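User: I am new to this structure and should be grateful for a close look at a single part of it. Please then show how that part connects with the rest.

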Amino acid sequence: MSILKISRLGHPVLLRKAKPVKDILCNEVKKIINDMTETMLDAKGIGLAAPQVHINKQIIIFRTPLIEEEKEIKITALINPKLSKISDDTDNDWEGCLSIPGMLGLVKRYSKIRYEGYDMAGNIIQQEAEGLHARVVQHEFDHLMGILYINRLVNKNAYGYAEEIENFWQKRNDVK
Ligand code: NI
């Protein structure tokens with residue numbers, strides 16, 4: 001396995017639409033997922049999309065569950081994912097991105113979603129998700145469309161360096 005270089009904001013690879021994977025079972029896809037996993041863990045991220053590591057394919061990975069106290073880290077890889085909202089309910093919360101290090105922004109996402117895709121073995125994964133799990137999957141899915149969270153800010157001022165956001169925004173109760 002190898003740690004891959006993560007593209008950062010400004011690199012055009014982040015703005016491209018990723019292509020569907022044709023041969024899900026091929027060894028190249030397994031290697032990409034293994035390398036993405038190592039890269040995400042090294043960067044201490046909770047999700048990663050292939051375009052972020054300069055690979056123009058519809059592959060995302062994310063940690064589940066996302067609760068810090070859970071000792072066992074389970075990582076889900078989804079190939080050619082699709083997602084849909086379960087209801088129109090939305091939540092606003094702070095998001096970061098490994099391609100925009102050190103920054104946070106307040107983003108509106110659907111509260112409950114349904115997603116599906118293939119795992120490395122070619123099995124269909126179908127899952128419902130809410131809360132942070134739903135948020136991370138929507139964030140990673142957006143990367144496959146060439147969309148970054150900074151294009152979905154609730155308020156263009158609700159964006160900045162994590163330290164300042166923690167000091168000046170997260171202590172306010174009226175923001176979310
Ligand atoms: Ni991201």
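How many residues does helix α1 have, and what distance does α1 reach from its first C-alpha to its last?

Analyst: The model is a predicted one, in which local features need pLDDT of at least 70 and side-chain atom pairs count only at pLDDT 80 or more, while totals for chains, interfaces and linings use all residues. Residues are numbered from 1 along each chain as its sequence is written, and side-chain values use heavy atoms, with hydrogens and water left out.

Helix α1 has 16 residues and spans 22 Å from its first C-alpha to its last, close to the 22 Å expected at 1.5 Å a residue (the expected span is 1.5 Å times one less than the number of residues). Helices (H or I, at least four residues) and strands (E, at least two) are DSSP runs, numbered from the N terminus. After α1 comes Lys-44, with a positive phi near 60°.

The buried residues of α1 are Val-29, Ile-32, Ile-33, Asp-35, Met-36, Thr-37, Thr-39 and Met-40 (buried means under 20% relative accessible area, exposed over 50% and partly exposed in between, with a 1.4 Å probe and protein chains only). An α-helix has 3.6 residues a turn, so residues three or four places apart point the same way. Strands β1, β2 and β3 are what the buried residues of α1 pack against (contact means heavy atoms within 4.5 Å).

Asp-35 deserves separate attention. This residue belongs to α1, which covers residues 27–42, and its relative accessibility of 5% places Asp-35 among the buried residues. Beyond its neighbours within four places in sequence, Asp-35 touches Met-1, Ser-2 and Leu-4. Although Asp-35 and Met-1 are 34 residues apart along the chain, their C-alpha atoms are separated by 5.3 Å. The side chain of Asp-35 also reaches the backbone nitrogen of Ser-2 at 2.8 Å (a polar contact is a pair of N or O atoms within 3.5 Å; within protein, one must be able to donate a hydrogen and the other to accept it, and residues adjacent in sequence count only if both atoms are side-chain atoms).

The strands beside α1 belong to an open sheet of 5 strands, ordered β1-β2-β3-β6-β7 with antiparallel pairing (two strands pair if DSSP finds at least two bridges between them). Strands β1 (47–49) and β7 (124–130) stand at the edges with a single partner strand each, so one side of each has no neighbour in the sheet. From one strand to the next, the twist averages 40°. Between β1 and the antiparallel strand β2 (residues 59–64) there are 3 bridges, and Leu-48 faces Ile-61 in β2.

Helix α1 lies across β1, β2 and β3 (74–85), running at about 45° to β2 (axes are lines fitted to C-alpha atoms, for helices over the stretch in contact, and angles run from 0 to 180 degrees between N-to-C directions). Helix α2 packs on this sheet as well, touching β1, β2, β3, β6 (112–118) and β7, and its direction makes about 165° with that of β2.

From α2 the picture extends to another open sheet, in which 3 strands follow the antiparallel order β4-β5-β8. Its edge strands, β4 and β8 (159–161), pair on one side only, and the twist averages 25° from one strand to the next. Strands β4 and β5 run antiparallel and are joined by 6 bridges, Trp-94 having Leu-106 of β5 as its bridge partner. Here α2 touches β4 and β5, and its direction makes about 105° with that of β5. Asp-91 is likewise partnered by a residue of β5, Arg-109. On to β8, β5 is linked by 3 bridges, again antiparallel, and Gly-105 stands opposite Tyr-159 in β8. Since 6 of its 8 residues are buried, β5 is largely enclosed by the rest of the structure.

Helix α2 also takes part in a metal site. The nickel ion is coordinated by Cys-97 (SG), His-139 (NE2) and His-143 (NE2) at 2.1 to 2.2 Å (donors are N, O and S atoms within 2.8 Å of the metal, or 3.2 Å for Na, K and Ca; water is not among the atoms, so sites may look incomplete). Along the chain these donors follow the spacing C-x41-H-x3-H. Because Cys-97 lies in the loop between β4 (90–95) and β5 (103–110) and His-139 in α2 (residues 131–144), the pair ties together parts that are 42 residues apart in sequence. Cys-97 is buried at 9% relative accessibility, and His-139 is buried with a relative accessible area of 6%.
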